[in-house]
Amino acid sequence: MTVRFGYTILYVPDVRETVAFYEAAFGMTLRFVHESSLYAELETGAVTLAFAGEEMAEMNGLAIRPQRRGDPAQAVEIALICDDPQSAWERAVAAGALPLSPPQAKPWNQIVGYVRDLNGCLVELCSDMTKPN
């Protein structure tokens, strides 16, 4: 048996609005959107970041606690590796991301900043740990 990590799917109130936000805030591009507008994927490399409408959870028999910007963030984050975390953080905030922590050097030799997306999901903007800073 082989298992591999393929997707992170966030259930969101509005898939198209969320895709538009990720394009503007993080420079990502759309890979696929279903004609129902209940599911979309971004071009994110080996692991896919996808969004599904909250009603999709119910259609799949799942009970979820929707994430909202005014609620405390859930205990999960999306980490986006950036060539320049400071510029990425500034772009995200200018596009409407909620600033939480500007990029700072961490003891493990990484630059890390945090924002929340339009739905309240935590997004880490960080330097690549595999490259020297």
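What follows is a chat between a student and a tutor about the structure above.

Student: What kind of model is this, and how are residues numbered?
Tutor: The model is predicted, so local features need pLDDT of at least 70 and side-chain atom pairs count only at pLDDT 80 or more, while totals for chains, interfaces and linings use all residues. Residues are numbered from 1 along each chain as its sequence is written, and side-chain values use heavy atoms, with hydrogens and water left out.

Student: OK, how many helices and strands are there?
Tutor: The chain has three helices and eight strands, where helices are DSSP runs of H or I with at least four residues and strands are runs of E with at least two, numbered from the N terminus.

Student: And in which order do they come?
Tutor: Along the sequence the pattern reads β-α-β-β-β-α-β-α-β-β-β.
The radius of gyration is 15 Å, close to the 14 Å of the globule rule for 133 residues, so the chain is as compact as a globular protein of that length; the radius is taken over C-alpha atoms, and the rule is 2.2 Å times the number of residues to the power 0.38.

Student: What does the C-alpha trace span?
Tutor: Along its principal axes, the trace spans about 45 × 40 × 25 Å.

Student: New topic: how much of the chain is buried?
Tutor: Of the 133 residues, 39% count as buried, meaning under 20% relative accessible area with a 1.4 Å probe and protein chains only.

Student: Which residues does the UniProt domain annotation cover?
Tutor: The unreviewed UniProt entry gives "domain: VOC" for residues 4-128, and such annotations may be inferred rather than shown by experiment. Over residues 4-128 the chain is 22% helix and 37% strand, with the end C-alpha atoms 22 Å apart.

Notes:
Buried < 20%, exposed > 50% of the residue type's maximum accessible area, 1.4 Å probe, protein only.
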